[in-house]
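This report describes selected side-chain pairings, strand pairing and residue environments in one protein model. The sequence and the structure are shown first.

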Amino acid sequence: WMETDGKTLTAPGTKKPSPCPPELLATIKGVLVKLQKELIADQASSKNDFDVNQKDKQQLQTDLATYQSIQSANSYDSTYEVDYGTSSIPVGNAISLTEKDIQDNAAELMDLQKDQLTNTADIERITRVLPLFGVK
């Protein structure tokens, strides 16, 4: 692997850097700028997905409370039929399915948070390096 500081190029095992070819600098600069734009777009998309999942989480919790209330109002009869999507199913099944959806939603929110942290760190690294290649 060779190293560059945006001006010079140092080969492995050598102590003396040589001037970095302008074509290589232009290529590195182009790749970094494109990568930065892609990461910023990914970050915006991830934030949007996170916001949507947060709303889904709230709706799922409301649905669960509704199903639990219906079950309670019907002497905890888990076979009492309720609307679930476009069909009717026993309230006990609706509760189980909704609890599973809540767990899946929580896992997805954690993954999205992890993605956001990774993207933020990558964007910060690229932003710190770009000035070496003449990009502000």
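In this predicted model, Lys100 and Asp104 both belong to helix H2, which covers residues 91-129, and they are separated by four residues, about one turn of the helix. The two residues form a salt bridge in which the closest N and O atoms are 2.8 Å apart. Lys100 is partly exposed at a relative accessible area of 45%, and Asp104 is also classed as partly exposed, at 37%.

**Salt bridges**

The structure contains four salt bridges, and three of them, including the one just described, are treated here. Side chains of opposite charge can pair when their charged atoms come close. Helix H2 also carries Asp122 and Arg125, three residues apart, again about one turn of the helix. Their side chains meet in a salt bridge with an N to O distance of 2.2 Å. In helix H1, which spans residues 22-73, Lys34 and Glu38 are four residues apart, about one turn of the helix. Lys34 and Glu38 form a salt bridge whose closest N and O atoms are 3.8 Å apart.

How accessible is Lys34, exposed or buried? Lys34 has a relative accessible area of 54% and is exposed, because exposed means over 50%. Its partner Glu38 is partly exposed at 38%. The table lists the relative accessible area of residues in these pairs.

| Residue | Relative accessible area | Class |
|---|---|---|
| Lys34 | 54% | exposed |
| Glu38 | 38% | partly exposed |
| Lys100 | 45% | partly exposed |
| Asp104 | 37% | partly exposed |
| Asp122 | 21% | partly exposed |
| Arg125 | 43% | partly exposed |

**Strand pairing**

Three strands make up an open sheet, in the order S1-S2-S3, with antiparallel pairing. Strand S1 (3-4) and strand S3 (18-19) are at the edges; each has a single partner strand, so one side of each is left without a neighbour in the sheet. Strands of a sheet pair through backbone hydrogen bonds, either parallel or antiparallel. Strand S2, residues 8-10, pairs with S3 in the antiparallel sense over two bridges. Thr8 stands opposite Pro19 in S3.

**Buried polar residues**

Which residues does Asn53 contact, beyond its neighbours within four places in sequence? Asn53 is a residue of helix H1, and outside that range it is in contact with Asn105, Glu108, Leu109 and Leu112. With a relative accessible area of 8%, Asn53 counts as buried, because buried means under 20%.

Gln116 lies in helix H2 and is buried as well, with a relative accessible area of 17%. When neighbours within four places in sequence are left aside, the contacts of Gln116 are Gln43, Ser46, Lys47 and Phe50.

**Aromatic pair**

The count of aromatic pairs is one. The rings of Tyr67 and Tyr84 have centres 6.1 Å apart and planes at 35°, so the pair is tilted. Tyr67 belongs to helix H1 and Tyr84 to strand S4 (residues 81-84), so the pair ties together parts that are 17 residues apart in sequence. Tyr67 is buried, with a relative accessible area of 10%, whereas Tyr84 is partly exposed at 22%.

Terms used:
Residues are numbered from 1 along each chain as its sequence is written. This is a predicted model: local features need pLDDT of at least 70, side-chain atom pairs count only at pLDDT 80 or more; totals for chains, interfaces and linings use all residues. Side-chain values use heavy atoms; hydrogens and water are left out. Buried means under 20% relative accessible area, exposed over 50%, partly exposed in between (1.4 Å probe, protein chains only). Two strands pair if DSSP finds at least two bridges between them. Contact means heavy atoms within 4.5 Å. Rings of Phe, Tyr and Trp (its six-membered ring) pair if their centres lie within 6.5 Å; planes under 30 degrees apart count as stacked, over 60 as edge-to-face and the rest as tilted.
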